[in-house]
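Please open the structure in your viewer and keep the selection tool at hand, since this tour moves from one selection to the next.

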Amino acid sequence: MKYDFLIVGSGLFGSVFAHEMTKRGKKCLVIDKRSHIGGNCYTEDSDGISVHKYGAHIFHTSDEVVWNYVNSFVPFLPFVNSPVANYKGELYNLPFNMNTFYALWGVKTPQEAREKIEASRIANANPQNVEEQALSLVGKDIYEKLIKGYTEKQWGRDAKELPAFIIKRLPVRYTFDNNYFNDVYQGIPKGGYTKLFEALLEGIEVRLNTDFFADRQAFETMAETIVYTGTVDEFFDYCYGPLEYRSLRFETERLETENFQGNPVINYTEREIPYTRIIEHKHFEKGNSSPVTIVTREYPDSWTLGKEPYYPVNNDENAALFAKYEALCKERKNVVFGGRLGRYRYYDMDKVIAEALASAKEWTK
Ligand code: FAD
């Protein structure tokens, strides 16, 4: 065999795994069907701005090992994610906090805010849909202005038709704190995420524009072990049927202005506006002095085979279907199924890295 590991996918899982095994003296080949490395974290430099090609990516973690790991490849610039919501021209800070409550009701103390939320809540011990769930958690005002339209756009369905489990919790903060995440560490790689991938894959053979399924037989005989980070159902020829996803569509525009919206992320929470958010990429890197700006509108999209699969649809049917594929995965002793597509799960970046590190350790034993 020419290689110890054939790694299908140069996203975070594949790149971290390849780096760790190469460090341990193993010979790795990484292939990716896209024309670039980095998977969905890929950023492209344009006018001195790192453009997040597959949606805004903010690195946040409370895992010190993972934080030190990524910082050993590329310096991370400090960043605090503080998105703003635009509802019919009114602006509100997210996540729901005292700044949001002041803008909604003019309340100035946590006590007043609690009373307002309590007064508008519609208690429901057994909510049957997203609307009933949200109304019982945060009440009418927050639901109607900040949740309803956004969620309906995300899922392409009326909130009354969406199962309650989609919204498990709606964190409410009684402090003036616009930091979206609660994690200890947060940042953006200086110069963009692609720099992280270039460092991870340095000295490793990478073949781009190379689809595993275009020559599966040849690839399967090239290496002792395959690390597969593509869609798990495709690996097994969809023998039990396809797993479902939600997709996204991005519209990116270069504008001859220095500052378009004053914030990296603005969510549009009314249903009538078809996109869910506008990303202004330069604001992810503080101090970016490009004289122009690049913005991306993010549109939720239904998914069919062939479209980019972004978010797994976590309902009972898909969980049962994935369990059947998982049983097949366990039979393939020489294949590691990893990452968001291989495991049919939404993972934040830090979790994918932690899992790739653990998996590499496992294969070193
Ligand atoms: P991917 O990045 O998808 O990599 C898989 C790679 O495999 C791809 O490059 C693909 O081309 C390749 N591949 C697939 N099939 C084949 C094949 N047959 N042959 C060859 N190559 C193949 N996480 C955060 O922590 N913070 C965020 O702010 C954040 N924002 C996000 C925003 C959006 C819109 C989305 C969708 C996700 C976000 N994430 C975020 C999650 C983050 O994108 C994932 O954690 C990460 O990309 C997962 O890495 P991966 O290696 O599992 O998958």
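How many nonpolar, polar and charged residues does the shell around the ligand have? Bear in mind that the model is predicted, and begin by selecting the ligand together with the 31 residues that surround it. By class, this shell divides into 16 nonpolar, nine polar and six charged residues. Within that selection, highlight Asp32, His57, Arg340, Tyr347 and Met349, which are the closest to the ligand.

Next, display the backbone atoms around the ligand and look at three polar contacts. At Tyr347, a backbone N or O atom lies 2.7 Å from an oxygen atom of the ligand, while a polar backbone atom of Phe13 is 3.0 Å from a ligand oxygen atom. At Lys33, a backbone N or O atom is placed 3.1 Å from a nitrogen atom of the ligand. If you then switch on a surface, you will find that the protein covers 97% of the 990 Å² of accessible area that the ligand has on its own. To see which elements give two or more residues to the shell, colour α1 (12-23), α11 (339-342) and α12 (349-362).

Now leave the ligand and select helix α5 (residues 130-138) with helix α6 (residues 140-155), whose axes come within 9 Å and cross at roughly 145°. The crossing of α5 past α6 is right-handed. Show the side chains of the contact, which α5 makes through Val130, Glu131, Ala134, Leu135 and Val138, and α6 through Lys140, Ile142, Tyr143, Ile147, Lys148 and Thr151. Coloured by class, the residues of this contact comprise seven nonpolar, one polar and three charged.

Note on methods
Residues are numbered from 1 along each chain as its sequence is written. This is a predicted model: local features need pLDDT of at least 70, side-chain atom pairs count only at pLDDT 80 or more; totals for chains, interfaces and linings use all residues. Side-chain values use heavy atoms; hydrogens and water are left out. Axes are lines fitted to C-alpha atoms, for helices over the stretch in contact, and angles run from 0 to 180 degrees between N-to-C directions. Helices (H or I, at least four residues) and strands (E, at least two) are DSSP runs, numbered from the N terminus. A crossing is left-handed if the near helix is turned anticlockwise from the far one by less than a right angle, and right-handed if clockwise. Contact means heavy atoms within 4.5 Å. Ala, Val, Leu, Ile, Met, Phe, Trp, Tyr, Cys and Pro count as nonpolar, Asp, Glu, Lys and Arg as charged, and the others, Gly among them, as polar. A residue is near a molecule or strand if one of its heavy atoms lies within 4 Å of it. A polar contact is a pair of N or O atoms within 3.5 Å; within protein, one must be able to donate a hydrogen and the other to accept it, and residues adjacent in sequence count only if both atoms are side-chain atoms. Accessible areas come from the Shrake-Rupley method with a 1.4 Å probe; for residues, only the protein chains shown count as cover.
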